[in-house]
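Trainee: I am new to this structure and would be grateful for a close look at a single part of it, the largest nonpolar core. Please explain which residues and elements build it and how the strands around it are paired.

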Amino acid sequence: MNSTISGNTRNGIEISGGQNVEVTASSIARNEDGILVDHGAANVQLTNNTLQDQRSRAITIRDAGTSSTVTGNTISGGDTGVSLRNSAASVTANVLAGITNHGMALQGDTSQSHITDNTVSGTGSTAIWSETTAASAGDSIVGNNDVRGWHPAPTLATVTNWVFQPLTFVWLFLATLLVGSAFTRKRHLQLRSIRSPFPEHAQPSRNPAIGEGTKNIEHTPVPARRLL
């Protein structure tokens, strides 16, 4: 299947049941979900598709059969890039960008799935979220993915943890001291620079050491008294 699909109120493409279905080189944009695979569909191949700005999830595989493959797809925008629930799929070599919640989300029994060699970037809760890290037969279901472009969105828990770190208190204390010191110095300089608002009424200096503004004092001689 090679299609261009956009603007649906629900799914761009829905594969409900069946097997040996391939969706390749399709352009899917601005739907609720881009591609939905469910109801036991098996051996579904989703390759080299371009999915843009879905309102919810770009690719969803839920309650499906085994051996589904999601590879070489380019996904941009949307809440979640790839969502697996109670399904087994190989999700490899996909490029996800601009995701706002989960790059990939694994829920329920996804122990037979392999999530490898994907590039995931965006800002949200987690780049790759798994309800459980357990995998059957000791296989690792998540590995070798590039999530360096993922930036976790701040949450109440992360902000609280940051605020109550001891080093944060030290920096806040130092910042408070600096601000208080600067305010006190500015206030002191303002007090020293106060001048009379009426300079023309200022009193001349009475300090005899200062020539300007002083007055000459006349001395009246006292007549000497004759001794009797």
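**The largest nonpolar core and its strands**

Mentor: Among the contacts in the chain with a separation of 6 or more, 44% are between residues 24 or more positions apart, a contact being heavy atoms within 4.5 Å. The model is predicted, with local features requiring pLDDT of at least 70 and side-chain atom pairs pLDDT 80 or more, while totals for chains, interfaces and linings use all residues. Residues are numbered from 1 along each chain as its sequence is written, and side-chain values use heavy atoms, without hydrogens and water.

The chain holds two helices and 19 strands (DSSP runs numbered from the N terminus: H or I of at least four residues for helices, E of at least two for strands). Of its 228 residues, 31% are buried, that is, under 20% relative accessible area with a 1.4 Å probe, protein chains only.

The largest nonpolar core has 30 residues; such a core joins buried Ala, Val, Leu, Ile, Met, Phe, Trp, Tyr and Cys residues through side-chain atoms within 4.5 Å. Ile35, Val37, Leu46 and Ile59 touch the most other members. At least two core residues come from each of β2 (11-16), β5 (33-38), β6 (42-47), β8 (57-62), β11 (80-85), β12 (89-92), β13 (95-99) and β14 (102-107). The greatest contribution is that of β8, which supplies three residues.

Val37 shows what surrounds one of these central members. Leaving aside residues up to four places away in sequence, Val37 touches Ile15, Val44, Leu46, Thr60, Ile61, Arg62 and Ala64. Leu46 thus appears both among the neighbours of Val37 and among the residues with the most core partners.

Two of the contributing strands, β6 and β12, are also linked to β9. Strands β6 and β9 (residues 68-71) run parallel and are joined by three bridges; pairing requires that DSSP find at least two bridges. Within this pairing, Thr47 has Thr71 of β9 as its bridge partner. On the β12 side, β9 is again paired in the parallel sense, over four bridges, and Thr69 stands opposite Ser90 of β12. Strand β9 is therefore bridged in parallel to β6 and to β12.

Elsewhere in the chain, a polar residue is buried as well: Asn145, with a relative accessible area of 17%. Asn145 sits in the loop between β18 (142-143) and β19 (150-152). Beyond four places in sequence, Asn145 touches Ile115, Thr116, Asp117, Asn118 and Ile128.

How values were computed:
Buried < 20%, exposed > 50% of the residue type's maximum accessible area, 1.4 Å probe, protein only.
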